[in-house]
Amino acid sequence: MSSTVQIQAPVVRPGAPSPGPALAAAMLGFALITLDTSVVNVALPAIGADLRAGMTGLQWVVDAYALAFAALLLSSGALADRVGASRAYGAGVVVFALASAACGLAPGLAGLLAARTAQGVAAAVMLPASLALVREAYGDPVRRARAVSLWAAGGTVAVALGPVAGGALTTAWSWRGIFFVNLPLAILALALLTRVARSGRRPAPLDLPGQLTAMTALGALTFAAIEGGTEGWWALGVAVVAFAAFLRVESRRRQPMVPLGLFRNTTVAVAVAAGSANSVAFYGMVFVFGLFFQQVLGLSALGAGLMFLPMTGLLAAVNVLSARVAARYGARLPIVVGQAVAVAGLLGLLTVDAGSSRAAQALLLVPLALGAGFSLPPLIAAMMEAVPAERAGTAAGLLNAIRQTAGALAIAVFGSLAARDMASAMRTSLLISAGLLTVTALASLRLPRRRDR
């Protein structure tokens, strides 16, 4: 479920050091970022029991990270340009490590949420800078393409290992271990960074009004979904006003953070919608079933993580297969087929209850992963080809920010449902996810049959 974001032009320097350390450092950073989107889910019941947090608090443990990450991802590429990718990446890794330590040491829920927000801010800075490091290190386009593929594979592997690693650490040690494990990896990434040539700086506009209104809208909308009640309605009103302000700001700026004209392109609009539905289904179901496996079935955190292994273990292979199919038949086929398979998997999961066999429960999650993993890479590629080269980084950042936001909102909504009745929440969440993917699969039929050559 990983993806490439924020593309920068490579900087080639005579006598530059070996590109290996830059690639290794970037892969470690990307793995850390993606690991923290999946490792926390199976530890939520343990966090709730230790910190006396209810469902609302647990939703914020996941969404504090996801929202900060998504909101700042819109402009973090420009920040990396202004200060230099290596400096931005180094600073991001340091803050991420310190925030991880603060998460592990958090005495209460408030401290954990503050640290998780700081993690998300650091991750947003690290992500585009890590890819920029790879692009700067490899001047040859063929070698660079292979390096970017390895960089993306690191994120996919981290997503696959996240639930199992989180379950193992929580069961064998404590939920705090899922954050402390980030520290040696961050130290290794910084050590590798010392062997990377310093990046140059280049001017890049920062859209502070757009960034502020976007953050306000996303935060208020998520608050409304999680908290509900009278406060939720007030927050929803704030979200609507902030979003209207965001649209006004972006339509009037000479160099907006989000060029609204991009959405006039059918491929861009379909890619954003389909990517969002993909995130709702994948991240929403990992969240819901992580709770179901522990709270209803009584499995340990490790047991819950192992239940996800058949599902997540196939992601990397499916990503590679979808790229080959897209290269031969065009992007539309794997996008439509992938979403259709995911819908079938979601409908199949409607049969799961406490009496289902463990093997059936684990295997019924597999079609969702197969479909999501098969549709996402060609979807991203199609969007990148649909925009001018100078807009590629902006489009990629936009797609990833909206996907992260969709996943965060899914957790907010599905978690609120689960707080009332887990069985009903599972059915409703599955139907919502299946409905969204059905709509976007039909919309994907409007994509070109084959890529332009």
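This report covers model confidence, three helix packings and a salt bridge in a predicted structure.

## Confidence

The model is predicted. Mean pLDDT for the protein is 84. Of its residues, 91% reach 70 or more.

One stretch is weaker by this score: across residues 2-15, pLDDT stays under 50. For that stretch the model has 54 contacts beyond four places in sequence.

## Helix 14 against helix 17

Helix 14 spans residues 315-329, and helix 17 spans residues 366-386. Their axes come within 8 Å. They cross at roughly 45°. That angle makes helix 14 oblique to helix 17, because it falls neither under 35 degrees nor within 65 to 115. The crossing is right-handed.

Helix 14 contributes Leu-315, Val-318, Asn-319, Leu-321, Ser-322, Val-325 and Ala-326 to the contact. Helix 17 answers with Ala-369, Leu-370, Gly-373, Phe-374, Pro-377 and Pro-378. By class, this contact of helix 14 with helix 17 has 10 nonpolar and 3 polar residues. It has no charged residues.

## Helix 15 against helix 17

Helix 17 also packs with helix 15, residues 332-348. The two axes come within 7 Å and cross at roughly 160°. Helix 15 and helix 17 are therefore roughly antiparallel, the class for angles over 145 degrees. Their crossing is left-handed.

On helix 15, the contact residues are Pro-334, Ile-335, Val-337, Gly-338, Gln-339, Val-341, Ala-342, Gly-345 and Leu-346. On helix 17, they are Pro-367, Leu-368, Leu-370, Gly-371, Ala-372, Phe-374, Ser-375, Pro-378 and Leu-379. The contact of helix 15 with helix 17 has 13 nonpolar and 5 polar residues, with no charged ones. Leu-370, Phe-374 and Pro-378 of helix 17 touch helix 15, and these residues also appear in the contact with helix 14.

## Helix 3 against helix 5

Helix 3 covers residues 55-83. It packs on helix 5 at an angle of about 30°, with the axes 7 Å apart. At that angle, under the 35 degree cut-off, helix 3 is roughly parallel to helix 5. Helix 3 passes helix 5 in a right-handed crossing.

The residues of this contact divide into 21 nonpolar, 6 polar and 1 charged.

## Salt bridges

The structure holds 2 salt bridges. One of them joins the side chains of Arg-116 and Asp-36, at 3.2 Å from N to O.

Arg-116 lies in helix 5, residues 109-137. Asp-36 lies in helix 1, residues 20-38. The pair therefore ties together parts that are 80 residues apart in sequence. Helix 5 thus has a salt bridge to helix 1 and a packing contact with helix 3.

Notes: Residues numbered from 1 in each chain as written. Heavy atoms only, no water. pLDDT = per-residue confidence, 0-100. Contact = heavy atoms within 4.5 Å. Axes fitted to C-alpha atoms, helices over the stretch in contact; angles between N-to-C directions. Helix = DSSP H or I, 4+ residues; strand = E, 2+ residues; numbered from the N terminus. Left-handed = near helix turned anticlockwise from the far one by under 90°. Nonpolar A, V, L, I, M, F, W, Y, C, P; charged D, E, K, R; others polar. Salt bridge = Lys/Arg side-chain N within 4 Å of Asp/Glu carboxyl O.
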